[in-house]
Each structure stands twice: as structure tokens, then as C-alpha cells.
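I opened my notebook with a short list of things to look up: the core, the aromatic rings, the charged pairs and the cysteines. Here is the entry, in the order I worked.

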Amino acid sequence: MMDKKDLKIDFGCGIDKAPGHVGVDICPNSQADVIHNLEETPYPFDDNSAVEIHSDHNIEHLSDLDIFLKEVHRIGEPGAILTIKFPHYSRSWFSTQHKRAYGIRLFNDYKKEFEVKSIKFKYKHYTWRSWFWPFCVVVDFFANLSPRFC
């Protein structure tokens, strides 16, 4: 088990590990400090050891979200910050590697374990040169007014 003061973890870091975080990934060619399959428990971290946990476009690749969230809950200290980024379910099926799709109401089933302080919707892959850029800007604006729009 890994023990470290003010531990910050980036699960599924790939080749873009969050600065100042311990990277965890299944791929040995990643920037991971710890090679671990997130489908297997327990994760190699002590209980209540992390102050921040980051997961960027990773949960859609897991077979069972409950396993991941139970481990995150176990590893995070009380009040730890959890940031999860994932593709909206309407776009999640563009990759054959995606096993599940999620929407903005993902945490409705986990209210006992997690206090959701904010949810932000944003199209990740667009530029001002894209033909659909104006559409994305409008969707981002309305989606962030209220989760009901998603």
C-alpha cells in the first residue's frame, strides 16, 4: 500500500497525468507511477489517504462503476475532492473501447457516499474553427444553467 501526506491520485492517467498527482494506469507505456488494473480490488492505496482524486475520461472504460466508486470512497479522506470527467452518454458510443455511458445524473445513485458540489457540462473536442462551434457554445451555456437541460 502506498502512503503519502497530501496524496493526490490521477486514475487512468494515460500519457497526460495531472500535475502533482500519483498516476495510476493499466498501461506500462503511460505516465503512471503505479501500474494497476482498476477492475481489480483493492487499489494499492491506504484507507483515507488521498486529499484529491482525479479521473479524466476513464470511467466509461470500466465494466463496473460501483467497484471504482467504492474504492475511491475508501481511499479518499473525509472531505477529499473527487473530479470525474467523462463523455456525455450521447457521445460515449463513438469509441469501441467504451463499456458504459453516463449522463449528468450519474451521482443520483451515490448521494449517501458523495456530496456533489458542482457539475459542469462542456464539449471537450471542439474549436472555434469547427462548423458546429456555435452549437457547442449554446449547449454549454444552457447545460450549465441547469442539469435539467442534459
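My notes below go through these topics one at a time.

**Starting point**

I kept in mind that I was looking at a predicted model.

**The core**

I began with the largest nonpolar core and found 20 residues in it. The residues with the most contacts inside this core are Ile9, Phe11, Phe45, Phe68 and Ile75. I then looked up which elements feed it: strand E1 (7-11), strand E2 (22-25), strand E4 (50-56) and helix H1 (65-75) each give at least two residues. H1 supplies the largest share, with five residues.

Next I picked Phe68 and listed its neighbours, leaving out residues up to four places away in sequence. Phe68 touches Phe11, Leu38, Tyr43, Ser55, Asn58, Ile59, Leu62 and Ile84. Its relative accessible area is 0%, so I noted Phe68 as buried.

**The rings**

How many aromatic pairs does the structure hold? I counted three. In the pair of Phe11 and Phe45, the ring centres are 6.1 Å apart and the planes stand at 90°, so I wrote down edge-to-face. Phe11 sits in strand E1 and Phe45 in the loop between E3 and E4, so this pair ties together parts that are 34 residues apart in sequence. Both Phe11 and Phe45 are buried.

Phe11 also pairs edge-to-face with Phe68, at 5.7 Å centre to centre and with 80° between the planes. Here the partners lie in strand E1 and helix H1, so the pair ties together parts that are 57 residues apart in sequence. Phe11 has a relative accessible area of 0%, so it is buried. I closed this page with the cluster: Phe11, Tyr43, Phe45 and Phe68 belong to one aromatic cluster.

**The charged pairs**

I found three salt bridges in the structure. One of them joins the side chains of Lys17 and Asp33, at 2.9 Å from N to O. Lys17 is in the loop between E1 and E2, and Asp33 is in the loop between E2 and strand E3 (34-35), 16 residues apart. I checked how open the two ends are: Lys17 is partly exposed at 22% relative accessible area, and Asp33 is partly exposed at 48%.

Arg74 makes a salt bridge with Asp47, with the closest N and O atoms 2.6 Å apart. Arg74 is in helix H1 and Asp47 in the loop between E3 and E4, so the bridge ties together parts that are 27 residues apart in sequence.

Arg74 also forms a salt bridge with Glu71, where the closest N and O atoms are 2.8 Å apart. Both of these residues lie in helix H1, three residues apart, which is about one turn of the helix. Glu71 is buried, with a relative accessible area of 9%. I drew Asp47, Glu71 and Arg74 as a network of linked salt bridges.

**The cysteines**

How many disulfides does a search of the whole structure find? It finds zero. Why is Cys27 not bonded to Cys13? The sulfur of Cys27 is 9.2 Å from the closest cysteine sulfur, in Cys13, and that is too far for a bond; a disulfide would need the sulfur atoms within 2.5 Å. I added the accessibilities too: Cys13 counts as buried at 6%, whereas Cys27 is partly exposed at 32%.

Definitions and conventions: Residues numbered from 1 in each chain as written. Predicted model: local features only at pLDDT ≥ 70, side-chain atom pairs only at ≥ 80, totals over all residues. Heavy atoms only, no water. Core = buried A, V, L, I, M, F, W, Y, C linked by side-chain atoms within 4.5 Å. Buried < 20%, exposed > 50% of the residue type's maximum accessible area, 1.4 Å probe, protein only. Helix = DSSP H or I, 4+ residues; strand = E, 2+ residues; numbered from the N terminus. Contact = heavy atoms within 4.5 Å. Salt bridge = Lys/Arg side-chain N within 4 Å of Asp/Glu carboxyl O. Phe/Tyr/Trp six-rings, centres within 6.5 Å; stacked < 30°, edge-to-face > 60°.
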